[in-house]
Structures are given as structure tokens and as C-alpha cells.
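Me: I am new to this one. Please show me the sequence and the structure, and then let me ask a few questions.

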There are 2 protein chains.
Amino acid sequence: MTVAEESMRTPVFFVAGGTGISAETLGNLLLAQFPGLTFTRRKIPFVTTVDQARSVLDQVDAAMTDAVTPLLFSTVSDEEIRQELQRTRAAFIDLFGSHLDTVERVLHVNATHNTTALHGVGDTVRYDQRMRAIEFAMEHDDGASLRNLEQSDLILVAPSRCGKTPTSMYLALQHGLKVANYPLVPEDFDSADLPRPIRPLAEKCFGLLSTPARLSQVRGERRPGSTYATLAQCSYELRRAEAMYRAHRIPSINSAKMSVEEMAAVIMQSSRLPDLG
Amino acid sequence: MTVAEESMRTPVFFVAGGTGISAETLGNLLLAQFPGLTFTRRKIPFVTTVDQARSVLDQVDAAMTDAVTPLLFSTVSDEEIRQELQRTRAAFIDLFGSHLDTVERVLHVNATHNTTALHGVGDTVRYDQRMRAIEFAMEHDDGASLRNLEQSDLILVAPSRCGKTPTSMYLALQHGLKVANYPLVPEDFDSADLPRPIRPLAEKCFGLLSTPARLSQVRGERRPGSTYATLAQCSYELRRAEAMYRAHRIPSINSAKMSVEEMAAVIMQSSRLPDLG
């Protein structure tokens with residue numbers, strides 16, 4: 001990048017009283033509406049005192065030039081700290097406070113204006129459930145253990161490298177669901193039946209598919225030049241997997257163009273799974 | 001819950017064009033400011049047509065009673081769909097559009113107003129990096145493999161059950177970091193040295209600690225009545241681990257009262273790790 005290009009980047013600050021996850025997520029969603037522009041992003045989490053807010057202001061205001069006005073996205077809920085941040089010469093985008101008044105009015109209740117820890121441990125029962133869900137997903141990854149498979153909330157089924165593992169981890173970590181995943185290997189396609197371990201659990205199963213091209217590419221990265229990675233083999237396995245899902249009324253999605261976040265949202269909606277996290 | 005209590009719950013809808021992750025996160029952050037109230041939450045993701053918006057309105061308006069006004073949190077960016085949702089008789093809280101004008105003004109550029117897929121695959125290079133990071137974290141969980149340990153961005157070190165695994169998974173999944181984790185077992189405390197496999201990699205290490213009470217509780221759930229779970233054993237291991245971190249200048253945090261999200265934010269800030277996801 002040239003100096004000229006660098007100087008055209010708009011500095012963006014995500015400031016929060018907690019982890020900054022919400023500020024960053026929503027801020028990035030807004031920035032994505034300006035695909036022609038480039039940004040330099042900086043997250044400043046755990047801003048909990050007025051002094052810290054002043055030091056944030058120093059940084060933000062120092063990034064101000066004649067050509068660019070930095071953007072300060074804030075989810076700070078503390079009244080005093082917000083007022084301090086508002087004094088910036090940059091653009092203050094209050095993702096939080098501006099909506100709090102509306103919610104207060106609708107609910108006829110005053111907000112506490114406390115610094116909340118949404119991404120904190122919070123309800124420890126629910127938090128422990130998420131932690132146990134991760135453990136369950138680790139133990140039941142790729143058919144590693146079949147013990148207590150019936151205790152799973154969901155069993156992801158798919159040929160190798162269709163995205164079972166990351167999707168399982170995401171559902172466990174974010175939603176506290178006990179997700180097992182079970183690999184379909186070529187021998188499983190010798191019969192039209194479901195593989196024995198998951199046969200009595202069809203109603204918990206959700207299938208993943210991919211496109212032959214994408215699957216072949218992903219497998220090729222792992223085992224270059226193998227039969228396993230050929231387009232013909234991938235195409236065969238995907239066709240047979242799809243037929244298996246259809247025969248046993250297992251819902252499925254194609255993971256080739258979906259992120260784990262999108263797959264998780266679709267799976268939860270389709271399987272009507274509660275959000276336990 | 002009694003019928004009377006149930007009727008006092010305020011219905012909350014999180015509506016989005018994508019996965020609804022941002023709407024839900026920020027909406028819940030706002031609701032957390034009203035700890036005395038109870039809510040029933042419903043997420044409606046992937047609203048991408050005006051027809052779908054109408055069906056959302058039907059659901060939201062049906063939840064309206066003389067006593068409660070539902071809250072509709074929206075991150076929908078499509079102009080037409082937003083206008084449709086705005087027609088609700090419930091409270092419309094536009095987490096997105098209300099800030100878009102500000103950002104447009106500051107940037108002197110018009111927003112695309114496209115339905116963006118922030119939680120989509122997006123930049124496939126970065127997405128593939130996240131997926132590879134999960135794979136790396138799975139392979140290097142709990143010292144399972146020491147192969148390519150030097151390729152890790154971070155090595156979490158801690159006695160058993162201090163939260164290494166979920167924190168590793170979170171950092172890999174959300175931030176695309178290659179995180180290995182290495183368990184400190186009692187024998188490691190016979191020497192003041194770091195365990196051999198991580199000895200040359202001290203600058204990549206980050207230590208986790210807990211409180212003896214919390215660690216004993218968590219271990220007791222796994223192995224009730226074991227020496228491993230006694231307060232004395234937990235206290236010993238934590239004391240020795242802390243001394244080891246100090247001796248080798250390994251930064252550390254106490255996981256007892258922190259969520260994985262908070263730990264991840266602190267670790268990234270402290271180790272100055274870039275957000276690769």
C-alpha cells in the first residue's frame with residue numbers, strides 16, 4: 001500500500017465496557033455497506049472508568065486529520081463514560097445509548113445504566129452448560145466416541161470434509177447444544193440403511209453436503225493427489241449421501257457457500273432447536 | 001411460572017437479513033439493562049423479502065396485548081424491508097438504519113443498502129484461515145499433538161480443567177488464531193523449568209489459573225471423590241503453576257470468574273494478537 005492509500009483509510013475504533021464483541025460486530029455490519037472504502041480497525045475493550053475514556057479520546061482525536069474523520073463506535077452503557085466519549089472531535093456513533101431511551105419508554109422502566117457484562121459468565125448454570133456442550137462436541141467429534149450419542153441434541157452427518165467439526169464447535173460454543181458429528185465413509189454407501197450407530201437416532205440427524213468442486217479442493221489440500229480428493233470420488237459420495245438423507249428424511253444443507261454462522265442459524269431454525277447458550 | 005407471570009413477559013423479536021447474530025447480541029445487551037423484567041425471545045433470521053417482512057409483522061403484532069408492547073430489534077439493512085417492518089404496532093428498534101445516516105455523512109459516501117452477509121463466508125481466504133485454525137486447535141488440544149507446535153499463534157498453558165479447551169476453540173473459531181493448549185500435570189511441577197515441549201516457545205505461552213474452590217468443584221464433577229479434585233491438590237497445582245508463569249514471564253489470567261469471550265478479549269489485548277478471523 002502506498003502512503004497516499006494508507007492516508008485514505010478511515011480509522012475506526014470499537015469501544016466498549018466489556019469485550020467489545022457487539023461494538024465490533026455491529027460496527028463492521030455498518031462498514032460493510034461501504035464496500036469501496038478501506039478502514040483501519042482498532043478495538044478498545046473493557047473501558048470502565050472516565051480516565052480510560054479520556055485516554056481513548058486522546059487516541060481517537062490523534063487519528064483525526066484534515067482529510068479523514070475517524071469513526072468511534074461505542075456500546076458503552078455507563079452514562080458518565082458515554083458523556084466523556086461524546087466529547088470526541090471524531091464521529092461518535094452510540095450503538096447503545098441511542099436505543100436505550102426507546103426501550104425505557106416502551107417498558108415504562110428505567111434502565112440501570114450499569115456496565116453490563118453481556119459476554120461475561122452471567123448465569124453460571126447456562127455458562128456451565130455451554131462448557132459441557134464443548135466437551136461433548138470434542139468427545140463426539142468425527143464419530144470418535146459413540147458413548148451417550150443418544151444424549152446429543154443434534155448429530156451432524158456428512159462425508160469427510162464437509163464442515164462437520166467447525167459447525168459442531170460453533171453450535172456448542174455459541175448455543176450450548178450438545179452436538180455429535182458422524183462421518184459417512186464410502187463403506188456406509190454399500191447399504192441404503194443409515195450406519196448402525198445412528199440408525200435409531202435419525203430424528204436427531206442433520207446432513208451436510210458440499211459441491212464436488214469445493215469438496216475436491218478441500219480434500220486435495222489435506223491429501224494432494226489422492227483418490228479421496230478426486231472429483232469423481234467426491235461427486236459419488238455427495239450423491240450417495242444426498243440419497244441417504246432423502247431416504248431417511250434427514251434435513252440437509254449445502255455447506256459449500258455457507259459460513260458456520262449461517263449453517264448454525266439454518267440448522268437451529270430447521271430443527272427447532274432451543275438456544276441453550 | 002404462573003399464567004399471570006407469563007403474561008407479564010415482554011415478547012422480544014430479533015429480526016435480521018442474515019443470521020441475526022448482531023440483532024440478538026446488541027438486543028440482549030440492551031435488555032440486560034432491565035434486570036427486573038422478564039422477556040420471551042424469538043430470533044427470526046434471513047428475512048430478505050418484503051413478503052417475509054409482512055409475515056414477521058403478523059407474528060409481532062399478534063404478540064401485542066393491552067398490557068405489553070413487544071420489542072422488535074432489527075438489523076435489516078434493505079431499505080424496503082425496513083420500511084415494511086417500521087409499520088409494526090410494536091416498538092421498532094432499528095439498530096442499523098438509524099446509524100447508517102451518520103456514517104454516510106461522515107464518510108461522504110452513500111451506503112449500498114444491500115443485504116449484507118456479515119456472518120457469511122465473505123473473504124474466503126480469511127474464512128479458510130478460520131477453518132484451518134479450528135483444525136489446528138482440535139489437533140493440538142490438551143497436548144494431543146506436539147507436531148508443528150512452533151506454528152501456533154498462541155499456546156495456552158494450565159493445570160487440568162482451567163478452561164484451556166473452550167478458550168482455544170473460541171479464539172480459533174472467532175479470531176482465526178492457531179491456538180494449541182498444553183496441560184500442566186503434577187510431574188511438571190517437580191522442576192522449575194517449563195515442560196520440555198513448550199520450553200523454546202515461552203514467548204507464545206499464556207497461562208490460565210483458577211481459584212482452588214472453583215477448580216475443585218469442576219474437577220469433582222468429572223471425578224467425584226478423587227485426590228485430583230481435592231482442595232489441597234487444586235491449591236497446590238495452582239500455586240505451582242502461578243510460580244512457573246512468573247518465573248518464565250508468561251502472562252496469565254484467572255479463569256474462575258471470566259467467560260471464554262472475556263478471556264479471549266484479554267488474551268488478545270495482552271499478547272497483541274491480530275484478529276485474523
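Me: Is Cys162(A) buried or exposed?

Reply: This is a predicted model, where local features need pLDDT of at least 70, side-chain atom pairs count only at pLDDT 80 or more, and totals for chains, interfaces and linings use all residues. Residues are numbered from 1 along each chain as its sequence is written, chains are lettered from A in the order in which they are written, and side-chain values use heavy atoms, with hydrogens and water left out. Buried means under 20% relative accessible area, exposed over 50%, and partly exposed in between (1.4 Å probe, protein chains only). Cys162(A) has 3% relative accessibility, so the residue counts as buried.

Me: Why does Cys162(A) form no bond with the closest cysteine sulfur?

Reply: A disulfide is a pair of cysteine sulfur atoms within 2.5 Å. The closest cysteine sulfur, in Cys234(A), is too far for a bond with Cys162(A), because the distance is 8.4 Å.

Me: How many disulfides are there over all chains?

Reply: In chain B, the sulfur of Cys162(B) is too far from its closest cysteine sulfur, in Cys234(B), at 8.4 Å. Over all chains, the count of disulfides is zero.

Me: How many salt bridges are there between chain A and chain B?

Reply: A salt bridge puts a side-chain nitrogen of Lys or Arg within 4 Å of a carboxyl oxygen of Asp or Glu. One joins Arg161(A) and Glu135(B), at 2.8 Å, N to O. Between chain A and chain B, the count is eight.
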